[in-house]
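Let's take a walk through this model, going from one bound ligand to the other. Have the viewer open and follow along.

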Amino acid sequence: MALTTAGSKLASLNAWVESVAALTEPQQIHWCDGSDAEDQALKLLMVERGDLIPLNPDTHPNCYLHRSHPSDVARVEHLTFVCTSEREDAGSNNHWMAPADAHAKVDALFAGCMRGRTLYVVPYCMGPIDSPIARCGVEITDSPYVVANMRLMTRMGAAALARIEREGSFVRGLHSIGELDPDKRFIMHFPEELTIKSIGSGYGGNALLGKKCHALRIGSYQARREGWLAEHMLIVGIENPAGETHYIAAAFPSACGKTNLAMLIPPEGYREAGWKVWTVGDDICWMQQDDEGQLWAINPEAGYFGVAPGTGAKTNPNALAMLNRDAIFTNVGLTADLQPWWEGLDQGRPAKDSQGRDFDPANGPAAHPNARFTVSAKQCPSYSPVAESAQGVPLSAIVFGGRRESLVPLVFEARDWQHGVLIGAAMASETTAAATGAVGVVRRDSMAMKPFCGYNFGDYFAHWLTFGKDGAKLPKIFHVNWFRKGSDGKFLWPGFGDNLRVLEWVIARCEGKASGQATPIGFLPTPDDLNLAGLDLSDEARDVLFAMDPQGWYREFEAIKQYLHDFGSRCPQALIDEANLIESELHVLQPGPQASAA
Ligand code: SAT
Ligand code: MN
């Protein structure tokens, strides 16, 4: 690998790299071209340093294990800031710091932080390189692990640099692992300057700046300014036996099964009938509306940074099939013969845990619950043939979903766009291991964007409403819940491949071919509206998954209204009116004297 200081044809880029080098004082500067040779050289370097462990070359050629610092295994929302000039523009959904204070705080930590290290300049493109929806950025980092991951997760290197030089603009992301000290860790976003500064973490969403920092936080801000949407959604194509494919975008919080849904294998009867599922993306979706109101979506990413635990032959065979070559594993366990191992894998036994200790169940699971794999999207057996299309795919439906063990039925449909935006805004979910903090606590997570929206949620809801123009060919909006539990505490719905049964109803509703019952919260199917053939659903499941509990929902809407009110005058009145209307309809359905009086 030639370690050069060669710059670009873009003076503003060169000047930025020079100013960062002056601040961070690296030993050398390397401009990444994204080539195989560069990738191999970096991996060799990391193996020599002990940052990567080569896995079994027979079972997992060109695969590596990385162990991050035990204090650095997830996103850190309490250390993540959106730094707009006006505090209100960041909103109560974000931690805020004044831009000057934030720059001063992190620049002091960046000063001299790359001494003895290499500064890597990583040009990347979010989205197919020739797509008008795609946007570019440059990440400066001192972590070769970040470089190797960015090469899998984005279109990284020479082609991206050429586009950046042509366009003359790019999002600036400065990253250093710093001292990996949680007390000196900050993930700062300056949306008005299209700039990110992240220090003190080498992990996932904190360090791979193209992902959550650019494609969601800065991206959502850019999207509002430019009139498009940057969302925390998978994109999946569902092909019916007639060969027609409908594209669905679906928002779920981190670690709620987006990757599994994006790579779903149809149940046997569906497979035999000719149903196919095509993966476009598993985490992020950028959408633009055309003149007819149709939304077109691209996956800005080029790879998957998926949760390893729970990925098995039954839950996600497509993911397993793509993970046996050219992949990076982070914080998984290891078998005696150097194969990656995690809970939920159907074969092998762990010899080492995620921290490299001899595996001992007394220390907890072998893999960290937020252990990840990084792999090129092209390796997915269900990778959609149109995933690289510059114009994107046309969306038939948008699906919101959370992890809710009670109240929320399996699926319901919004009456119209405005009601759908309310459903998205009101989303709530039990927290997972993808972020540090308590797991299993229900919190509102509007559109699964609570950790990722780069501006005030009130303005964000208003932006969503602007797409609902009269006569627009908009996708229908749905809400699903795969995680409802029965009185025995077990999941009532089998999930995984069987979720296609729900998506079949979703698509049939989009085509006007299926029935649904009107309720105050939206249209619900009855068990007869879904194909449940071959499923052994309990009576409780049939009762509960398709029912709307007016009293429970009345209480839910009181909480939703309170939540909306917390955004003050920034929250669009139309959403509050919509919530009031639903609440009054629910009130009428309450049992007891009030209902007879109504
Ligand atoms: O760590 S990441 O933010 O990249 C993954 C996730 O939380 O979805
Ligand atoms: Mn995610």
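**Two bound ligands, one tour**

Start at Arg75: an N or O atom in its side chain sits 2.8 Å from an oxygen atom of ligand 1. Keep in mind that this is a predicted model, so treat the distances as computed values.

Arg75 has company. Lys212 brings a side-chain N or O atom to 2.9 Å from an oxygen atom of ligand 1, and Ser254 places a polar side-chain atom 2.9 Å from a ligand 1 oxygen as well. As for how enclosed the ligand is, the protein covers 98% of the 250 Å² of accessible area that ligand 1 has on its own.

Now widen the view to the whole shell. Around ligand 1 you'll find Arg75, Gly204, Gly205, Lys211, Lys212, Ser254, Phe305, Arg372 and Ala434. Sorted by class, that's four charged, three polar and two nonpolar residues. Two helices, α7 (204-207) and α8 (210-226), each supply at least two residues of this shell.

Lys212 is a good place to hop over to the metal. The manganese ion (ligand 2) is coordinated by Lys212 through NZ, His232 through NE2 and Asp283 through OD, at 1.9 to 2.2 Å. Along the sequence, these donors follow the spacing K-x19-H-x50-D. His232 and Asp283 tie together distant parts of the chain, 51 residues apart. His232 sits in the loop between β12 (229-231) and β13 (233-239), while Asp283 belongs to the loop between β15 (276-281) and β16 (285-289).

And are those two donors buried or exposed? Both His232 and Asp283 are buried.

Terms used:
Residues numbered from 1 in each chain as written. Chains lettered and ligands numbered in written order. Predicted model: local features only at pLDDT ≥ 70, side-chain atom pairs only at ≥ 80, totals over all residues. Heavy atoms only, no water. Donors = N, O, S within 2.8 Å, 3.2 Å for Na, K, Ca; no water. Helix = DSSP H or I, 4+ residues; strand = E, 2+ residues; numbered from the N terminus. Buried < 20%, exposed > 50% of the residue type's maximum accessible area, 1.4 Å probe, protein only. Near = heavy atom within 4 Å. Polar contact = N/O pair within 3.5 Å; in protein donor to acceptor, adjacent residues only side chain to side chain. Areas by Shrake-Rupley, 256 points an atom, 1.4 Å probe, with all protein chains shown as cover. Nonpolar A, V, L, I, M, F, W, Y, C, P; charged D, E, K, R; others polar.
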